[in-house]
Amino acid sequence: MRFIKTRIWLLSVLTCGMLNGQTLFESYEAGIAKIPLEQRQTWVDSLLTLAVASTDLQQAIQIAHQESRYYNNKARDLSTAISYSQRELVWYDELQRYDKDYNQALYNTARFCYWDKRWLAAQAHFQKVIDKKIDSLKLARAYFYLGNISEKQGDPYAAVDAYLQGRLIYKAKGRMRSWVSRSLDLAQIYEEINSPESLKKKFEVLQEIDRALDNGTRISARNAVILKLHYASYYNNANYFDFDSSKSYYLKSIDDLLTMKDTSLLVRSYVNLANLYAQNRSDSALYYIDRAKNYPGSASTITRLLNIECDFYLENNRLNDALAAIHQSIEENTQNTFPIDQVPSAEIMDGAIDSKLLLWGLTKKADIYTQQYRINKQKDYLEQAMVQLKAADYIADQLFVGNRDDASKLFWRKYASKIYGNGAFVAWELNQPDQAFYFAEKKQAVLLTQNTSFNKQLEQLPDSLVKTYYHYNKQINKIQLAALADPSLGHSKLLDLKAERTAFLEQLSSTYPGLKGAIAQIEIESLETVLSQMDEQTAILHYLWNDSKRANQSHQVLLISKANTVLIPLPNAKDLSRQVSSFSELVMKPFQSKSDAANFRMLSASLYSRLFPKELQNYLKDITNLVIVADQNLNAVPFEALVSQVSPLTYLIEQKDISYAQSLSYLNKSKDVKRKTSYDLLAMAPVRFQQTGLVDLPATPEEIASASLLFEGLSFSDDQASRSHFLQYASDARIIHLATHAAANENPWISMQDSIINLADLNSLNLQADLVVLSACNTAAGRTLKGEGVASLARGFFQSGARTVISSRWSTNDKATQEILSSFYTYLDRGNPLATALKRAKVDYLQNADLSQKAPYYWSSLMLIGDSVEIKPRKNWNYAWLSVLLVVPIYFLRKKFKKVG
């Protein structure tokens, strides 16, 4: 009854206003001050209902705009403010009116959503602000809001892209104070990425700021301190560690902050200084930790402080103190209390203040429990460790699948990889082989596996949609490639394209649920599935490298065969890693003397005994096929060249078929992909090169002739071996053979006659190849990505859809490579699986080569990564002989021409 009376009174107020000739907005302005607060929203909504009913949407827009500002500025009710601002935007859309008032409403809605932590809604609205290209300063702010949202979502590389674009606008407009503030934000993101490249970029940003200050730019006292703190943290990083420089900057900052009475920055400074002393193993770390505790700090700062305190206790073997500190850190991070041997719920962890610190905290806690088990041998510690590891695995997955940017996925993989080696050990000690296998697989090539699952789902889509997806990839990769030469280029367009691709994928995901699953899940094969697909003669060796810097640690190898699944420790982890590095350097050099050969044999035999301890050798007696899943610097080791017997000299390749896998989950996902090709072979052999610095390769046409003789298809040599021919035909070939030059640098490439093919080019292809042969130098080499293997050219071909790749670890010997590959194709033609064919080709070479050319340098560079299947040629002899007749005469004519010249 009271509600009805209230409604009647409200309507009477409105009616009086309208009888006096007022518009609805004028009635609103005249009456709003008289309305009791508890009735305000009801009265305003009645006005809006009347406005909509009378189709006077302009009046509705004005009222909603004022109310959104009121609830944001005065009532501090963001939810209601957002409700009114969103209705305002809907009415603008109905009127098709997109003027400066609309732009302001759009910008306000984006900010309200941001302040209310509605990240996805804020992201969408800020992207519209950018798309509309409204007022340039609002545009700059929108970029920084987008960067901040990306940072909060754990997508640091997307944050960098946004910050760079916003900075450019501020600088162009001469807003240097704002430019400095945002540059400091960018420096912070580079620090969080924490790679040598990002830290170098951070230092460059700091120097840019210094130059601006020298040229008269004025900044706040607070930003001046933040600049010093950034220099301090730069020198407090393992890559550029300088204790004295870092300490000096921190102490200067603390003096300034004590004068300014800025306690929030002061606490952070004490925390960072404590971290500096903790890295130096100095008790002064505790002094500065206690100083920091004397001041109120944000939950994020306290979380980090407790992490540093934990690290200090760990360095000094005070495990119980470390456990208490890291548990407090997790409680502070999640704003939740719980028993020390438990973890928060998934919902609470999802709301953590700092996901990266939560991941670290759970991982450290598990590590402490594992150390306590090693000391006391009590299984309870392992069970508690497993609880923490599963929680850490959950957080790592959320961070990984929440990103669309591969660079950010790799960022989280680097941090998550620390979980899985410990997880495999804990699971094995708890007699959980399935869980041990799960953690071993999670340590390897998850991103590659997920991309393969995604590509498999793409097969179900119409061709036009698949082409649209690859078109986005191609355009994005072009801009990223241009940015390598000039980082200021194309950031705005890059962000736009990524946003468009994300919207496109979300639209596809709603129509094709399988695609959504491939994007949002990490699929790991079960041990049961892997065993069901194995034969009696095959064994998988899953090597797990231990990242711990503590003494007396072990690496591990997980043996999987039909008969046995066993986790075997490989003691003295640090020394073994050093020996692996020494072997990797020695094996890529020819022997210059008998002593070189003797030294190599001794080192190789020693390394074999450590990677294949007696227990493992006993399990492998009846095994003929080895599948190696390597980890970290072990990726550079050719297992074929390990000396398994000193007298008579016997290499492992003479006893076993050997292949390599990025991960078993990836291997199985790749097997399931349906491949459709029109011809067996695409062979390309450029002879002369337009790029400067590349020498002629006159023998390459002869190399591809051996493949062309056995497999029908297309062969291009010399001028015809062009970039355009490769991009045109690569996606339709069952075997791709490239005999050319390549480089393993930050952006690996392989050369055609007229130009190069790089990872960006490969990412725009949808390869169907069962086999890619990269007969070029260093195609398996590259930067090691923690948890993902090597960022090599070979990986680029896998990323594009290849099933198996033969590539080289170092600069190959042309004559030896040609002999081995010619023999390889002959054995392949006889029905041998890929690994068997390559093994027999290498053994043939060993038996027939001169003594001076029997060194592993000549024959062990080529490695087979992927599935060792049989590839039988679909022979069309007329076509095959035609390819040979076209290729071989060109080779001999060029040879003759060269002699005459």
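This passage describes one helix, the aromatic contacts and the cysteines of a predicted model.

Helix α28 comprises 15 residues, 573–587, and at 1.5 Å a residue it should span 21 Å, which agrees with the 21 Å that separates its end C-alpha atoms. Its buried residues are A573, L576, S577, Q579, V580, F583, S584 and V587. Seen down the axis of α28, these buried residues fall within an arc of 160°, so they line one face of the helix. An α-helix has 3.6 residues a turn, so residues three or four places apart point the same way. The cover over the buried residues of α28 includes the elements β2 (555–561), β3 (565–570), α29 (594–611) and α38 (856–859), whereas R578 and E585, on the other side of the helix, are exposed.

Aromatic pairs number 41 in the structure. In one of them, the ring centres of Y107 and F126 lie 6.3 Å apart with their planes at 75°, so the pair is edge-to-face. This pair links distant parts of the chain, since Y107 belongs to helix α6 (residues 100–115) and F126, 19 residues away, to helix α7 (residues 119–132); both residues are buried. F312 and Y313 also form an edge-to-face pair, at 6.0 Å centre to centre and with 65° between the planes. F312 is buried, at a relative accessible area of 1%, and Y313 is buried at 9%. One aromatic cluster is formed by F203, Y231, Y234, Y235, Y240 and Y249.

Charged ends also sit over rings: that of R40 is placed over the ring of Y70, 3.5 Å from its centre, and that of K132 over the ring of Y98, 4.4 Å from its centre.

As for the cysteines, the count of disulfides is zero; C113 is buried, at 0% relative accessibility, and C310 is buried with a relative accessible area of 0%.

Definitions and conventions
Residues numbered from 1 in each chain as written. Predicted model: local features only at pLDDT ≥ 70, side-chain atom pairs only at ≥ 80, totals over all residues. Heavy atoms only, no water. Disulfide = S-S within 2.5 Å. Buried < 20%, exposed > 50% of the residue type's maximum accessible area, 1.4 Å probe, protein only. Helix = DSSP H or I, 4+ residues; strand = E, 2+ residues; numbered from the N terminus. Expected span 1.5 Å × (residues − 1). Arc of directions from axis to C-beta. Contact = heavy atoms within 4.5 Å. Phe/Tyr/Trp six-rings, centres within 6.5 Å; stacked < 30°, edge-to-face > 60°. Lys NZ or Arg CZ within 6 Å of the ring centre and 35° of its normal.
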